[in-house]
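Me: Can we walk through a fold together? I'd like to go over the sheet and what packs on it.

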Amino acid sequence: MAEPLPETAAAAAICIGEAMIMLAGETGAPLEDIETFRRSVGGAESNVSGGLAALDIPTAWLSRLGDDGFGRHVLRDLKARGVEVGGVEIDPDRPTAMYVKESLGGRSRMHYYRTGSAASAMTPAFLDRPAVRDRLAQAKLVHTTGITAAISDTAALMLDTLAEQQHDFTLSVDLNWRPALWRGKDPAPLWRLLRAAEVVLIGADEALVFAGTKDPGELRELLGPRSTLVLKDDAHTALVLEPDGRRTEVPALTVEVVEPVGAGDAFAAGFLAGTLQGLPMEQRLRLGHLGAAAVLAVPEDHAAPLDPAVRQALLTSSDEEWAVTHVGPAGVKTAA
């Protein structure tokens, strides 16, 4: 487990977005018949912050939480995972968001309760709070997602302001397209955010729905020349298209999937950690795949990181060794 980052220390990475309490039914019964739920912490940016901290990247998470037990649990959980949370604002009136996971017939269905949440009340003024402004001024990388742009008009405006401000950090954005959150809304703020980012992460399936294409070249035309574009094709492959045209592609690992939720966030954490560590592009993609595989093999939104020695061996393994690696609930298996 990562050591908590002291609140006076500068975070190399900052994640901005909503965290939620996740309640998962202990049985595969319909929601109305479930009597016992397992509690954990979810939310795209908080997942990424925990994943970065687990990879020894000094990381802070910035957001707003309700002045309630759920909010206090989020803070406690992220601190335990090594994430610095001193810049989080507590709202005395609005609640911490929540979602409930219902599993039926081997498939999960999410029920979200986030309307009017504390995080949805983020505005451009949130960035002017000294605790937020000072942390952003020292960051090397700031990560957010399309979910934060969607939870409210004021949150979208905050991200517009963040992207427009003069800054020295690398802005990373994961599309995380959620059609239900954008229903009846103009996605123009999300397009602006993606085009302003230096790193853009997109799943091929969501790119097809959001942008009408999953072709890397066509996405480059739509997003502009600024970003390092990371295109993830689920269980198949992930590729990077750099601004200078260089292309790197790494196949995904074979995984015994328990639950897919959170895998994209774990991939983002791995790739961004590799970016901050200056790893070769192939190893950045491998680190992303390793994070995603670990989460796919557990029922929660996040997982304990792989043993550092195992991780390093896989990062530097041959293509043939990588191809025969298998990840499941029992751990990592290689040909050796």
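Reply: What follows is a short chat about the sheet, its strands and the helices on it. This is a predicted model, where local features need pLDDT of at least 70, side-chain atom pairs count only at pLDDT 80 or more, and totals for chains, interfaces and linings use all residues. Residues are numbered from 1 along each chain as its sequence is written, and side-chain values use heavy atoms, with hydrogens and water left out.

Me: OK, in what order do the strands of the open sheet come?
Reply: The order is S4-S1-S9-S10-S11-S12-S13-S14, eight strands with mixed pairing. Strands here are DSSP runs of E with at least two residues, helices are runs of H or I with at least four, and both are numbered from the N terminus. Two strands pair if DSSP finds at least two bridges between them.

Me: And which are the edge strands?
Reply: S4 (59–62) and S14 (247–251), each of which pairs on one side only. On average, neighbouring strands are turned by 15° against each other, direction ignored.

Me: What does S9 pair with in the parallel sense?
Reply: With S1 (residues 13–16) over three bridges, and with S10 over five. On the S1 side, Ala13 stands opposite Leu141 and Cys15 has His143 as its bridge partner. Towards S10, Thr144 stands opposite Val173.

Me: Which helices pack on the sheet there?
Reply: H6 (residues 153–164) touches S1, S9 and S10 (170–174), and its direction makes about 150° with that of S9. H8 (residues 188–196) touches S9, S10 and S11 (199–203), at about 135° to the direction of S10. Contact means heavy atoms within 4.5 Å; axes are lines fitted to C-alpha atoms, for helices over the stretch in contact, and angles run from 0 to 180 degrees between N-to-C directions.

Me: So is S9 enclosed, and why? What do its faces look like?
Reply: Five of its five residues are buried, so S9 is largely enclosed by the rest of the structure. Leu141, His143 and Thr145 lie on one side, Val142 and Thr144 on the other. Buried means under 20% relative accessible area, exposed over 50%, and partly exposed in between (1.4 Å probe, protein chains only).

Me: Switching to S14: which side chains are buried there?
Reply: Thr248 and Val250, which point to one face, while Arg247, Glu249 and Pro251 point to the other and are not buried. In a regular strand the side chains alternate between the two faces of the sheet.

Me: How does S13 pair with S14?
Reply: In the antiparallel sense, over five bridges, with Thr237 opposite Pro251. The two form a hairpin with five residues between them, and Gly245 in the turn has a positive phi of about 95°.
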